[in-house]
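Work through the exercises below with the model open in a viewer. Each task is followed by a solution in steps.

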Amino acid sequence: EVQVPFDQPNELWAALALVGAWNESNAHDVAIVERVSGCAYADIRPTLLDGLNQSEPWLSFSNGVWKIRSQKSIVDICAGYITDRIVNTAFDAEKGFLTQRSSWILEDGDDSFYIPSTGEFTNSTAMRRGLTRGLCMVCNCNDKLPACSDGVVAYNSISFIRALFDNCDALRLMSMQELLKPIAEMEPGTYLTELEQLIVRAPEVISAVFRRSRRSRAYIPRFEDGLVDSLQALAWSEEHLPQSLCCLGMVADCAESDEAREFVVDRIATILLPWHVQTLASADIQISAVKALGRTNPDVLWPLLKLLVPGGKGFTGVGRKPQYIVGDMPDEIETSVDVYAKLSQAYISMMFEEAEGDPKKLAEMTDCLNHFNRDDRLRYLSIVQTEAPALGDEEKYEIWNELSDIKCRALLLNIENGETLDEPAMAALQAAIDASEPEDIRIKY
């Protein structure tokens, strides 16, 4: 964020900083500026032009759009002039966004091929983004607002988030998707709780969001990104990680296609990868959060564990960082060797627990067996020797085939590179291969 000098804090600039940006050719934007500032726009414009003519201007003007530069800095400087009236009118204006529908979606529910010249929404995109960010900033500096009554910001933010999810349909979520991340940071606990309640009472709303997003990738936005991004941002906070993962698990359960479900599970894995953690939560909190996710959303746990264990997910993905709820964000979280080992071992142990008595999962574990340490490999081979005789030939085949490949690769490395074979481990591997070998030659070959 560009830092600019500003030495004119007053109530007008406090209101304008809170609004953040607006298009003066849009009558609805101008009306909001007038309501929040309490002044006629004709009286405001000379002040704007004066600010624009400063040697280092704190606002910009381009194509009819005014924008406060370094909005967070100006909001902080003017915090002492933000009053109950400004906060109340700003949140009332924000609630108006809930009734606006994206022009990507036609009245009959079909998708549009173009955005009309008047814009995607009644208000400009600049206004929607600027005001939402401004309110998020105010919510996160509540203790620095001496001109506001106690609780007025909290009351308004909680009321707004409840209004967002009350009687919420898929069109509202899709239309608000770009604003959900800063909205989530206004009041994270309320946001997560209200979202959970929406999913419980109307899971079809989330399902419809995924369904609409993938009808035509050529021009329709991925409407679910905003929802998933908001939860991924809140997961950076140790306090909100468990509930964020729970919500992500519930969202994954609502996805009707395998592709959509895999997308959400991959985002969860992006948060928790032991070698590239994207949360400030401790290792113990991460492990307990994954266990809780397994209890609330068991269908999500196994595909998640396959990504988290060594040899699982091979790339990091995109991390959505919060802007305000956790203070200064580090550029990167450095995971120590001990923390990496603790997280990896915890996820491997969970994997063993999940695979117990499930031949399909037992077979899928062979994909990452080469990345396990020696003790875990021997533990797996011991389980196969015990459970394989009771399996059918088709269940045995996947395990037998994968273990046979592992044996062949080990022998090739020994021949080509002269690597020493671990004789006890090779003996255990051969015993597991023998135990899992199908008897029906038609299945075997």
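The chain has 22 helices and three strands, where helices (H or I, at least four residues) and strands (E, at least two) are DSSP runs, numbered from the N terminus. The model is predicted, so local features need pLDDT of at least 70 and side-chain atom pairs count only at pLDDT 80 or more, while totals for chains, interfaces and linings use all residues. Residues are numbered from 1 along each chain as its sequence is written, and side-chain values use heavy atoms, with hydrogens and water left out.

**Exercise 1. The whole chain**

Task: state what box the C-alpha atoms fill, what share of the residues is buried and what share of the contacts joins residues 24 or more positions apart.

Solution.
- Step 1. Taken along the principal axes, the box is roughly 90 × 50 × 40 Å.
- Step 2. Of the 445 residues, 50% are buried; buried means under 20% relative accessible area, exposed over 50%, and partly exposed in between, with a 1.4 Å probe and protein chains only.
- Step 3. Among contacts (heavy atoms within 4.5 Å) with a separation of 6 or more, 75% are between residues 24 or more positions apart.

**Exercise 2. Helix H1 and the residue after it**

Task: determine how many residues of H1 are buried, and describe Gly 20 just after the helix.

Solution.
- Step 1. H1 covers residues 11-19, and eight of these nine residues are buried. The buried ones are Leu 12, Trp 13, Ala 14, Ala 15, Leu 16, Ala 17, Leu 18 and Val 19.
- Step 2. At the start of H1, a side-chain oxygen of Asn 10 comes to within 3.1 Å of the backbone nitrogen of Leu 12.
- Step 3. Gly 20, just after H1, has a positive phi of about 85 degrees and lies in the loop between H1 and S1.
- Step 4. Gly 20 counts as buried because its relative accessibility is 3%. Apart from neighbours within four places in sequence, Gly 20 contacts Trp 66, Lys 67, Ile 68, Gln 71 and Gly 130.
- Step 5. The C-alpha atoms of Gly 20 and Val 33 are 9.8 Å apart, with their positions 13 residues apart along the chain.

**Exercise 3. Two asparagines**

Task: for Asn 26 and Asn 156, decide whether the residue is buried or exposed, and find its contacts.

Solution.
- Step 1. Asn 26 sits in the loop between strand S1 (21-23) and H2. With a relative accessible area of 11%, Asn 26 is buried.
- Step 2. Not counting residues up to four places away in sequence, Asn 26 touches Thr 122, Asn 123 and Ser 124. A polar atom of the Asn 26 side chain lies 3.0 Å from the backbone oxygen of Thr 122.
- Step 3. Asn 156 belongs to helix H7 (residues 152-165) and is buried, at 6% relative accessibility.
- Step 4. Leaving aside neighbours within four places in sequence, Asn 156 is in contact with Val 87, Asn 88 and Phe 91.
- Step 5. The side chains of Asn 156 and Asn 88 share a polar contact of 2.9 Å. A polar contact is a pair of N or O atoms within 3.5 Å; within protein, one must be able to donate a hydrogen and the other to accept it, and residues adjacent in sequence count only if both atoms are side-chain atoms.

**Exercise 4. Helix H12 against helix H13**

Task: classify the packing of H12 and H13 from their axes, then list the residues that make the contact.

Solution.
- Step 1. Axes are lines fitted to C-alpha atoms, for helices over the stretch in contact, and angles run from 0 to 180 degrees between N-to-C directions. The axes of H12 (residues 224-234) and H13 (residues 241-254) come within 8 Å and cross at roughly 155 degrees.
- Step 2. H12 and H13 are therefore roughly antiparallel. Angles under 35 degrees count as roughly parallel, over 145 as roughly antiparallel, 65 to 115 as roughly perpendicular and the rest as oblique.
- Step 3. H12 contributes Leu 227, Val 228, Leu 231 and Leu 234, and H13 contributes Leu 241, Ser 244, Cys 247, Leu 248 and Val 251.

**Exercise 5. Helix H16 against helix H17**

Task: classify the packing of H16 and H17 from their axes.

Solution.
- Step 1. H16 (residues 298-308) and H17 (residues 337-355) pack at about 140 degrees, with axes 10 Å apart.
- Step 2. H16 is therefore oblique to H17.
- Step 3. Leu 301, Trp 302, Leu 305, Lys 306 and Leu 308 of H16 meet Tyr 347, Met 350, Met 351, Glu 354 and Ala 355 of H17.
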